[in-house]
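Here's a quick walk through a fold, written for someone who likes to look at backbone geometry before anything else. Have the structure open while you read.

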Amino acid sequence: MKTVSLIILGVLFLGLIASGCIGGEVKDKQDSSTAEGELIRATLKIFHAGSLSEPLNDVSEAFKEYSKRSLGYDLEIQAEASGSVMAVRKVTDLGKKADIVAVADYTLIPQLLLPNFTDFYVLFATNEIVIAFTDKSKYADEITSENWYEILAREDVSFGFSDPNQDPCGYRSIMVMKLADLYYGKPIFKTLVEKNTNIYAEGSNIIAPKDIQIKTDKVVIRPKETDLTGLVESGSLDYYFIYKSVAMQHNLRFIALPREINLKEFSLAEHYERISITLGSTGNTIKAEPIVYGITVLKDTSGRELALQYLRFMLSEKGKEIFEKNYHDFIWPPVGFGNVPEEIKDEVKVEG
């Protein structure tokens, strides 16, 4: 995966030069004067990461208008949010049908969906882990990027993260705390994670048992990261590890973490890779690396043509604009791998 990180770093650099000049508008298939009565009813189903809920909702609303005006469809979009691991397992293990799968960790696609369920994927967005809270949170006026682990360790403070067996934000949050051991030179992972859950570390590798248990009332774990948002907003949970984009979408206060641990910096990919996690849900061992989102259209979908039109729309400048309005950094141009369909090739940088 190191090669992919280098590719994205190069793409992001080029994007500083080419932003606004690459990519085109989705091509119309029908005249915009298609009569309402002639519209074709269709449905698209999307399994996606919880952290993509806000931007994908806006993309879907814009695409529905576009598809009505230019493609001749009366379109219903069924978007089902979950942790990304669960989104993939719905397809691979539970046999559920979807047209599109969008995940917060692109590596889940080549690991679990290729080659049986899809033959390509596109990297399209980045993020970083922060610690979010509100004015109701205990010690809200004391917590900083330097003392956060001390605040979270206080007996009267509660904090949360999502289930690492279902959600990349969960395993990334845990890996952030293990990276913090290296950065601060203190046993932060043991204090915050091992003392409060049955998640443990063997050297630099973290073990997340299939059945995660909570030992104390300090820690709250939910299936996906956005499940914790309401708890923090209501004041029943003090802090949680979350993506920066989600914190900003919900107008939460947050502290930025040092670049050496926040999983944002592509230049620090080799440093992040010193930490890994083995998931009980899949048996896979995942190395820490910069956060990159991925998306694909599944092979067996009956609505492949329309799904590719949706993907083309999302990867265009319009999609980039929507994501950035939702405080979500967009890779420009997006990067495609595998048998990238002709329908989207002019919207992505193809890397094999």
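## Sheets, helices and a few odd backbone spots

In β11, A132 finds its bridge partner in F254. That pair belongs to a set of four bridges joining strand β5 (residues 129–133) to β11, and the two strands run antiparallel. One caveat before going further: this is a predicted model.

**The five-stranded sheet**

Zoom out from that bridge and you get an open sheet of five strands, ordered β9-β6-β10-β5-β11, with mixed pairing. At the edges sit β9 (219–222) and β11 (253–256), each of which pairs on one side only. Ignoring direction, neighbouring strands here are turned against each other by 30 degrees on average. As a general reminder, strands of a sheet pair through backbone hydrogen bonds, either parallel or antiparallel.

What lies across this sheet? Helix α6 (residues 168–184) lies across β5, β6 (159–162) and β10 (239–243). The angle between α6 and β10 is about 115 degrees.

**The four-stranded sheet**

There's also an open sheet of four strands, in the order β7-β8-β12-β13, again with mixed pairing. Its edge strands are β7 (200–202) and β13 (285–287), and each pairs on one side only. From one strand to the next, the twist averages 30 degrees. Strand β12 (residues 276–279) pairs with β13 in the antiparallel sense over three bridges, and T278 has T285 in β13 as its bridge partner. Helix α6 turns up here too: α6 packs on the sheet, touching β7, β8 (205–208), β12 and β13. The direction of α6 makes about 140 degrees with that of β12.

So if you're keeping track of α6, the helix lies across β5, β6 and β10 and also touches β7, β8, β12 and β13.

**A helix pair**

Now for helices on helices. The axes of α2 (residues 53–71) and α11 (residues 304–314) come within 10 Å and cross at roughly 120 degrees. Perpendicular or oblique? Since the roughly perpendicular range stops at 115 degrees, that crossing makes α2 oblique to α11. The crossing of α2 past α11 is right-handed.

Which residues do the touching? From α2, L56, V59, S60, A62, F63, Y66 and L71 take part, and they meet L306, Q309, Y310, F313 and M314 in α11. By type, the residues of this contact divide into 10 nonpolar, two polar and no charged. For the spacing, recall that an α-helix has 3.6 residues a turn, so residues three or four places apart point the same way.

**A covered helix**

Helix α3 (residues 84–92) has S84, V85, A87, V88, K90 and V91 as its buried residues. Note that K90 is in that list. The cover over the buried residues of α3 includes β1 (40–49), β2 (73–82), β3 (100–103), α4 and α6.

**Unusual backbone spots**

Most residues other than glycine have a negative phi, and most peptide bonds are trans. Four places in this chain are worth a look with that in mind.

| Site | Backbone value |
|---|---|
| L114 to P115 | cis peptide bond, omega near -10 degrees |
| W332 to P333 | cis peptide bond, omega near -10 degrees |
| L263 | positive phi of about 60 degrees |
| Y327 | positive phi near 60 degrees |

Where do the two prolines sit? P115 lies in the loop between α4 (108–113) and β4 (120–126), whereas P333 is placed in strand β15 (residues 330–338).

The positive-phi residues are both non-glycine: L263 and Y327. L263 is found in the loop between β11 and α10 (269–272), and Y327 lies in the loop between α12 (317–325) and β15. Buried or partly exposed? L263 is buried, at a relative accessible area of 0%, while Y327 is partly exposed, at 43%.

**The whole chain**

Stepping back, the chain has 12 helices and 16 strands. Of its 352 residues, 56% count as buried. Among contacts in the chain with a separation of 6 or more, 74% come from residues 24 or more positions apart.

Definitions and conventions:
Residues numbered from 1 in each chain as written. Predicted model: local features only at pLDDT ≥ 70, side-chain atom pairs only at ≥ 80, totals over all residues. Heavy atoms only, no water. Axes fitted to C-alpha atoms, helices over the stretch in contact; angles between N-to-C directions. Parallel < 35°, antiparallel > 145°, perpendicular 65-115°, else oblique. Left-handed = near helix turned anticlockwise from the far one by under 90°. Contact = heavy atoms within 4.5 Å. Nonpolar A, V, L, I, M, F, W, Y, C, P; charged D, E, K, R; others polar. Pairing = 2+ DSSP bridges. Buried < 20%, exposed > 50% of the residue type's maximum accessible area, 1.4 Å probe, protein only.
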